[in-house]
Structure formats: C-alpha cells, structure tokens
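Work through the exercises below with the sequence and the structure open, and try each task before reading its solution.

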Amino acid sequence: MTTPIDPRPLGATGIEVSPLTLGTSGLGQGTEPGSAEEAAAVELATAMLSGPYAVVDTSNMYSEGRSEAVLGLARRTVADPRPIVTKTDRDPESGVFDRDRVWRSFEESTSRLGVDRVGLLHLHDPYTITFEEAMAPGGAVAGMLELKEQGLVDAIGIAAGRVSVVSRYVASGLFDAVLTHNRFTLVDQSARALLEDARERGMGTFNAAPFGGSLLARGSASGGTYAYTPSTPELIAWVERVEALCASHGIDLPTAALHYSLRSPLIDSTVVGISSTARIAQLEERRVAVVPEAFWSDLENLGPAPSTVVD
C-alpha cells in the first residue's frame, strides 16, 4: 500500500488521516448478495480501500448494513486495505440506543467488515435518546467507553448533524473525535463554535457533506437540496452570485465548496461521499486545484447565505 496523500494526525487520537476521507453512505444500497450489482459495489469499495486517502468512513446503518458488508467483501481482495472508521447506531426497529445496543452494533459491524477491532468508532445520530439517557449507567456512552477500555477501539467519536446535540457530547470531555455535517460549508457555518471547542480539547475533527447535499455539487440551476431539505429561492439566488464569483476567479462552485473545508485549520479531514471510481479521481483534481486567495475576501463581501438549516 502506498503512503496516503498528505497524512496528518486526527487530533490527539494517534490515528492518521488525509485531507479527504471517502464516505460510503450509499455503498451497496439495494444490492443482493451474489448479484451483479453487489459485484459492482465491491469494485468501488476496492478502489476506496486501495485509494489515495488514509481512511474510509462508514456506519452500521448505511444502506441497511450493506455498506459494511460490501466493504468487508472488498477487504478480502486488497493486500493492505485502508483502515475503516465506522459508527454505532440505534436499533433500526425499536430505536433503542443503550449500552447493550452499542455492543451489538459494534459486533454487527466488525462481523460484516471482517475485523476484530476498529481504530475509531463513532456514536452516531443519538436522536432517539436524550443526552441524559446516553450518559446514564447502562447508557450508550458507557458502552462506547467499555469498548475503548477493553481495547476493541482506539478512540471514540460523536457523529451527528445537530449542533445542539453534538455540542453536549463534545463538552463532556469523553470523546476523542467529532464528525459534523452540512454545518460548516459555504452556506452554513453554525458548527464553527463546536469545532473550535473540539480543537481546544485536542479532539480530531471531521467535516462531512461539504457540498451540503446536491446544491453546491450541482449548482443553482439544479435547484438541489441543502442538508436534506429543498433550497429556497433566496438560497438559490445567493448560490448564483457565488457561481458568478467563482467564474470571475477561474474556478467552479464544487471546487470552492470543497476548499472551504480543506483550508480551515478547524478541520482534520473532509468526508465526501463517493458513488463511482471516476468520482475519486475528480475529487483529487478538485483537491489540488488552486483557489485564488482573493476569492475568499470577495466571498465574504457577498454576506452570509440564507441557510435553510434549522437546528
């Protein structure tokens, strides 16, 4: 395995990441074991695990477990696969998310992936429980800490979108890393204080969904969603102005959106979902593209975007 691109530490975790992390939320979606569709998904997973970036991101619930299953199949074909970061999830039927569910989720994940342990495990979207329930004896956080104490994971993280939820887990001082999404982009910077707090605590930081879904990837003409919600006419009009600004500086909107995250000292690694091997090459082209410094000052002069995020 070649050395990953631009390796750097993930906070104080001892884990190495690249500026970009490949996300797998849609990997294997709707595929059946042994099908041609599964084979195509395994081919993509193989490219991810042998690709240029230090880690690959997944979750117990991504594609109803098929993301991890496909990654597990691909791992068997790669001599020295990139490490996989995964996430514990609530019970998909009952919503239960306690200590026992954390352990079951971890065991499901490691079984699918074909590993005994993982370097980083996130507590993912703890929306079916209160923070107090998560922190109580026998709660989800107790399960996460047990996994770490028993050496089954090296580090634990909190991964979710809502800043009001994530900030309390970060402030607990119990977590080693944080993953936020859709809230530190060209459009919405509501996670800034959260990321600053994490930085001061020595936590590793991931910023996912730098394109906010489809809007910043496909442009204003697409009328794409931002953070899973329809874009308002006001937001689309603001993005049109950013596109004009990008054109005047010789770049495109997706490159600007990606570099907003890449250039921030608050971010260790930016997570981008991948749907094809061609997308990996395109992502690297955008990573190495030069964004003129004047673009950022001109962008600031446009004023804040009318974000649709409600936290």
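**Exercise 1. Establish how far helix H2 is covered, and by what.**

Helix H2 spans residues 66-75 and is mostly covered, with eight of its ten residues buried, where buried means under 20% relative accessible area, exposed means over 50% and partly exposed lies in between (1.4 Å probe, protein chains only). The model is a predicted one, in which local features need pLDDT of at least 70 and side-chain atom pairs count only at pLDDT 80 or more, while totals for chains, interfaces and linings use all residues. Residues are numbered from 1 along each chain as its sequence is written, and side-chain values use heavy atoms, with hydrogens and water left out. The buried residues of H2 are Arg-66, Ser-67, Glu-68, Ala-69, Val-70, Leu-71, Gly-72 and Ala-74. Their cover includes helix H1 (36-49), S4, S5 and helix H3 (99-113), where contact means heavy atoms within 4.5 Å. Helices (H or I, at least four residues) and strands (E, at least two) are DSSP runs, numbered from the N terminus.

**Exercise 2. Describe strand S5 and its pairing with S4.**

Begin with burial: strand S5 (residues 84-88) is mostly covered, five of its five residues being buried. Next, sort the side chains by direction, which puts Ile-84, Thr-86 and Thr-88 on one side of S5 and Val-85 and Lys-87 on the other, all of them buried. Finally, look at the neighbouring strand S4 (residues 56-57), which runs parallel to S5 and is joined to S5 by two bridges; strands count as paired if DSSP finds at least two bridges between them. Within this pairing, Asp-57 has Val-85 in S5 as its bridge partner.

**Exercise 3. Place strand S10 in the barrel and identify its partners.**

The order of the closed barrel of eight strands is S3-S4-S5-S6-S7-S8-S9-S10, with parallel pairing. On one side, strand S9 (residues 204-208) pairs with strand S10 (residues 269-273) in the parallel sense over three bridges, in which Phe-206 is partnered by Ser-269 and Ala-208 by Val-271. S3 also pairs with S10 in the parallel sense, over four bridges, and here Leu-22 stands opposite Val-272. As for burial, S10 is mostly covered, with four of its five residues buried. To complete the picture, helix H10 (residues 253-262) lies across strand S3 (20-23), S9 and S10, and runs at about 145 degrees to S10.

**Exercise 4. Compare the packing of H6 on H7 with that of H9 on H12.**

For these angles, axes are lines fitted to C-alpha atoms, for helices over the stretch in contact, and angles run from 0 to 180 degrees between N-to-C directions.

1. Helix H6 (residues 163-171) and helix H7 (residues 192-200) pack at about 10 degrees, with axes 10 Å apart. That makes H6 roughly parallel to H7, on a scale where angles under 35 degrees count as roughly parallel, over 145 as roughly antiparallel, 65 to 115 as roughly perpendicular and the rest as oblique. H6 passes H7 in a left-handed crossing; a crossing is left-handed if the near helix is turned anticlockwise from the far one by less than a right angle, and right-handed if clockwise.
2. Val-163, Val-166, Ser-167, Val-170 and Ala-171 in H6 meet Leu-194, Asp-197 and Ala-198 in H7. The residues of this contact are six nonpolar, one polar and one charged, with Ala, Val, Leu, Ile, Met, Phe, Trp, Tyr, Cys and Pro counted as nonpolar, Asp, Glu, Lys and Arg as charged, and the others, Gly among them, as polar.
3. The axes of H9 and helix H12 (residues 293-301) come within 10 Å and cross at roughly 155 degrees, so H9 and H12 are roughly antiparallel to each other. Their crossing is right-handed.
4. Trp-238, Val-242, Leu-245 and Cys-246 in H9 meet Phe-295, Asp-298 and Leu-299 in H12. The residues of the contact of H9 with H12 divide into six nonpolar, no polar and one charged.

**Exercise 5. Examine the backbone and the burial of Ala-227 and Tyr-228.**

Ala-227 is found in the loop between helix H8 (215-218) and helix H9 (233-248), and its phi is near 55 degrees, a positive value in a residue other than glycine. With a relative accessible area of 13%, Ala-227 is buried. Tyr-228 also lies in the loop between H8 and H9, with phi near 70 degrees, again positive in a residue other than glycine. Tyr-228, however, counts as exposed at 69% relative accessibility.
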